[in-house]
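Here is a briefing on one protein chain. Read it with the model open.

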Amino acid sequence: MRIFVTVGTAFNPFERLLQYTDEAIAALDVPVSGVCQYGYSQTRPRVLSCQETLSRAEFDAEMARADVVICHAGVGTLWSALREGHKPLVVPRLGSLGEHVNDHQLEIVEALNQEGRIEIIESAAQLRESLLQHARGDVRRGPRSADDPSRLSRVAAAIAEGPMREKTPALGKLVLRALAAFGPSIESLRFD
């Protein structure tokens, strides 16, 4: 079974996805090969060929060659996997774990999961079971699909709203209130 793992190009490491992958593959009793693009992370899944980055051509080639794709929930990555007929195994980056600036990837995966286009992975044990289903042929890759941007309209909506939903930190709210109460008036800052 050939696996392609990618964490994308975010500056934050994504150890959780790579640890799930390493543990799941180590617990399999089927031959595994493939490539892992690990970005700024330290963890390297043992049996995969690991590279920090891939060129666009290398990324596309691995996406096309893979039997299974394990990835973060970046829109470009998901779009590429879906276009190649994959039902990717997706671990969304979480802002609360320092894996991204906010939780917009959760909104993306929830939209796609409701449509049955992806599988959300929450543990190494779940990933192992999903990989076994692929190895047994219970889950098969579909045909490459034509580009149809309307397929991801719900995802695009989630992305558009996601950053706007980020909550202002409590300290930031206090500072803004203090400035409003005790700072200079807007009129005093105006110059002609």
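Helices (H or I, at least four residues) and strands (E, at least two) are DSSP runs, numbered from the N terminus. The model is predicted: local features need pLDDT of at least 70, side-chain atom pairs count only at pLDDT 80 or more, and totals for chains, interfaces and linings use all residues. Residues are numbered from 1 along each chain as its sequence is written, and side-chain values use heavy atoms, with hydrogens and water left out.

**Overall build**

- The chain has eight helices and six strands.
- Their order along the sequence is β-α-β-β-α-β-α-β-α-β-α-α-α-α.
- Of its 192 residues, 41% are buried. Buried means under 20% relative accessible area, exposed means over 50%, and partly exposed lies in between (1.4 Å probe, protein chains only).
- About 10,700 Å² of the chain is exposed, and carbon and sulfur atoms supply 55% of that area. Areas come from the Shrake-Rupley method with a 1.4 Å probe; for residues, only the protein chains shown count as cover.
- A contact means heavy atoms within 4.5 Å. Among contacts between residues at least 6 apart in sequence, 64% join residues at least 24 apart.

**Helix H3 and its cover**

- Helix H3 spans residues 75–83; seven of its nine residues are buried, so the rest of the structure largely encloses it.
- The buried residues of H3 are Thr77, Leu78, Trp79, Ser80, Ala81, Leu82 and Arg83.
- Their cover includes strands E1 (2–6), E4 (68–71) and E5 (89–90), along with helices H2 (56–65) and H4 (104–114).
- Gly85, just after H3, has a positive phi of about 90 degrees.

**Helix H4**

- In H4, the buried residues are His104, Gln105, Glu107, Ile108, Val109, Ala111 and Leu112.
- Gly116 follows just after H4, with a positive phi of about 70 degrees.

**Largest pocket**

- The largest pocket has a volume of about 250 Å³.
- Its lining has 18 residues, and the closest to the centre are Thr6, Gly8, Thr9, Phe59 and Thr77.
- H2 and H3 are the elements that give two or more residues to this lining.
- By class, the lining holds three nonpolar, 12 polar and three charged residues. Ala, Val, Leu, Ile, Met, Phe, Trp, Tyr, Cys and Pro count as nonpolar, Asp, Glu, Lys and Arg as charged, and the others, Gly among them, as polar.
- A pocket is an open set of points on a 1 Å grid over the protein atoms alone, where a 1.4 Å probe fits, with protein on both sides within 12 Å along at least five of seven lines; lining residues have an atom within 4 Å of a point.
- Grid points are joined across faces, edges and corners, and the volume is the space filled by probe spheres set on the points.

**Cysteines**

- A disulfide is a pair of cysteine sulfur atoms within 2.5 Å; the count here is zero.
- The sulfur of Cys36 has its closest cysteine sulfur in Cys50, 4.5 Å away, which is too far for a bond.
- Cys36 is buried, at 0% relative accessible area.
- Cys71 lies in strand E4 and is also buried, at 0%.
- Beyond neighbours within four places in sequence, Cys71 contacts Thr6, Leu17, Thr77, Leu78, Pro88, Leu89, Val90 and Val91.
- Cys71 and Ile120 are 49 residues apart in sequence, with 9.9 Å between their C-alpha atoms.

**Gly39**

- Gly39 sits in the loop between strand E2 (33–37) and strand E3 (49–51).
- Gly39 counts as buried, at 8% relative accessibility.
- Beyond neighbours within four places in sequence, Gly39 contacts Val7, Gly8, Gln51 and Glu52.
- The C-alpha atoms of Gly39 and Phe11 are 7.7 Å apart, with the two residues 28 apart along the chain.
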